[in-house]
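User: Please take a close look at one sheet and how its strands and neighbouring helices are arranged. Keep it brisk.

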Amino acid sequence: MAILTLLQAVNDALHTKMRDDERVTVFGEDVGPKGGVFLATEGLTREFGERRCFDTPLSEDGIVGAAVGMAVNGLLPVCEIQFQDFIFPAFDQIVSEAAKLRYRSGGQYTAPMVIRTPYGGGIRGGLYHSQSGEAYFAHTPGLKVVIPSTPYDAKGLLIAAIEDPDPVLFLEPKALYRSLKGEVPEGSYTVDLSTVRTAREGSDVTVFCYGAMVPVCEKAAATAAEGGIETHVVDLRTLLPLDEEAVLDAAKRTGRVVVVHEAPRFCGYGAEISALIAENAIEYMEAPVRRVTGFDTPFPNTLEHHYMPDERRVLDAIEGVASF
Amino acid sequence: MTETLKMIEADGSAPSFNGALDDKALVYCYRTMLMVRAFDDICMKLQRSGRIGFSIPNKGVEATQVGAASALRSTDFFFPSYRDFGMALHHGAEPVEMMHNMFGNASDSARGRQMPVHFSFTKPLRFFSISSPIGTHLPQAVGAAFASQAQGKDDVSLASFGDGGTSSTGFHSALNMAGVWKAPVIFLCQNNGWAISLPSSGQTASDGYAIKAKAYGMPGVTVDGNDLLAVNRAVSEAAERARAGEGPTLIEAFTYRMGGHSTSDDPTKYVPAEELEKWAKKDPVLRMQRFLAQRGLWDEALEETLQAECAAEVAAAAKEAQATPGPTLETIFSDVYETLPNHLRRQGEQAFDLAARKGDADAGGGAFPL
């Protein structure tokens, strides 16, 4: 089995689906001959031609709007927004159009499409190349929101997203693009959307996380184990629709929960996990749910390592809930 | 910029008409215009009597709608605004299906989820589901046009919008992208004088809207929007260019919204009475009627027959729609995704359980303000 980076796994998924299905059409800013600013689409124009993978004008709402039009007229668009920070001009097209189309037309029109976009910090990108906007989108009925954290999942989830009958926002943790390698099978396979992945088994504390926070939490869990705390790490990987049963099972297993994300805390995704547990599993809880998140500030540049949850902060929270 | 295309003179003569529509098609176009008016009339009455919540009148813009529709095939992809349903009627959409939407009942294709006048058809024509935000359908029309071309089909997309729509982000993004891609799409700007209460003069400082085409690398055409033949010709020519791979066209049709923005709007508060009088003399239905009369295709007897047919059809449609029960509770939760996710299943079960224990929610007396 090939050992690939997460970025190569994304590229592999696109090659695989484009070979399988000629309707799959990839487009966005600089995704053509250049292969994208991160090279996620490298080689696609060469192999499949300019009709299947091409550059667009610098227009995020145009890109996503065109994707909706392609999706309702026989293609399977996989468009790229260069950085998730730049997605907001397309917010209307995602939230009011793609996500609501099936509902508002009673299923007459649907938008099977994928919007891929790198998100998150860790590359010294400052306010506008670092954000984690998943909560804006996870608040949108009709949309699916997926975030892989391993090369294997990146390929399998992306293929599942392309095959999904509903619009999927596929957020790629850019901090992991090249830093993480793993085994990736050749050819087509899928990882079911709306399933969680157990990244580490443990019986004392449960940590919920996703994307670039997964390896951070795994490291913190390994360190905690040295101190005698066994941590159960759950990679949520599909934020919407969430596998709520799996989350509740994992929370009940230890009765002590930490939720970790890069995005700001207030109304962040961790609030939903906390509320879900409070509403459905309060009687199992031995300690208050603790959140480890970005601060409720814009994303800083020079001090980004203080802003982003790191092993230190996650470990501190694990120890805190373990000793409550 | 070319001169504004006009074909039907005030007296009904049309010396430059080349027979693009045969006699039967011409009368059918006229009938569609009357049907739009009949549908409008009954919706106004239904709204005023409290039986439906809202409607969008089309009086004054019928020639643009029907002229454009008559130039296109039902396999072309229509991306309409909310003041365009004459296009759907022209291609055979059933008034009763539209009326189900006006009542938001169980037979509505949108299951009562949308406000009235937000129609959606996949047959007998591709009439894209209407959304309320302005201009979002323009980039979608470009994407659909691209897809037609990529699949080797010669279908075109028509994006129809008002003068207000030209100020939206979607207008710029779509025209720019369509120009670069040479997409087979027709942008039909219905300059009807008003965007709710803002006159067209407050919408742009440019010399009209068609001129904007130049900056996007496509032809801009102006046409008398109250002249069905002229609109038919302008859209036919744009469609021909698009099908031949020559790219998009922006058409600005000069027309006039003779009613309010909607049934909730009182245009007498901001529309000068003399402006309305001036445009009433240019009524597109009368204009077409005079043209048909000149050709010996219209007389009072035909008028009576057509009016009676249209009125009866919309009245029967309204009666049937009113008698159709409302959507059931589960339609709140269906069609969000293809497969119902567990969290929605649970929320639905809770709603059913509450209804069983405490009765249905009070419908209240909500009235739409716009």
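Analyst: In this predicted model, β7(B) and β8(B) pair in the parallel sense. Five bridges join the two strands. Strand β8 of chain B covers residues 249-254. One partnership can be named: Val223(B) has Ala253(B) of β8(B) as its bridge partner.

This pair belongs to an open sheet of six strands in chain B. The order is β2-β1-β3-β4-β8-β7, with parallel pairing. The edges are β2 (126-127) and β7 (220-224) of chain B. Each of these edge strands pairs on one side only.

A helix lies across part of the sheet. Helix α5 of chain B, residues 137-150, lies across β1 (77-79), β3 (157-162) and β4 (185-191) of chain B. Its direction is about 170° to β3(B).

Chain B also holds helix α2, residues 62-69. Eight of its eight residues are buried, so α2(B) is largely enclosed by the rest of the structure. Among the buried residues are Glu62(B), Thr64(B), Gln65(B) and Val66(B).

Chain A offers a helix pair. The axes of α9 (residues 244-254) and α10 (residues 269-281) of chain A come within 10 Å. They cross at roughly 75°. Angles of 65 to 115 degrees count as roughly perpendicular, so α9(A) and α10(A) are roughly perpendicular to each other. On the α9(A) side, the contact is made by Glu244(A), Val247(A), Leu248(A), Ala251(A) and Lys252(A). On the α10(A) side, Ile273(A), Leu276(A), Ile277(A), Asn280(A) and Ala281(A) take part. The contact residues divide into seven nonpolar, one polar and two charged.

Key:
Residues are numbered from 1 along each chain as its sequence is written. Chains are lettered from A and ligands numbered from 1 in the order in which they are written. This is a predicted model: local features need pLDDT of at least 70, side-chain atom pairs count only at pLDDT 80 or more; totals for chains, interfaces and linings use all residues. Two strands pair if DSSP finds at least two bridges between them. Helices (H or I, at least four residues) and strands (E, at least two) are DSSP runs, numbered from the N terminus. Two residues are in contact if their C-beta atoms, placed from the backbone, lie within 7 Å. Axes are lines fitted to C-alpha atoms, for helices over the stretch in contact, and angles run from 0 to 180 degrees between N-to-C directions. A residue is buried if 20 or more other C-beta atoms lie within 10 Å of its own, exposed if 12 or fewer, and partly exposed in between; C-beta atoms are placed from the backbone. Angles under 35 degrees count as roughly parallel, over 145 as roughly antiparallel, 65 to 115 as roughly perpendicular and the rest as oblique. Ala, Val, Leu, Ile, Met, Phe, Trp, Tyr, Cys and Pro count as nonpolar, Asp, Glu, Lys and Arg as charged, and the others, Gly among them, as polar.
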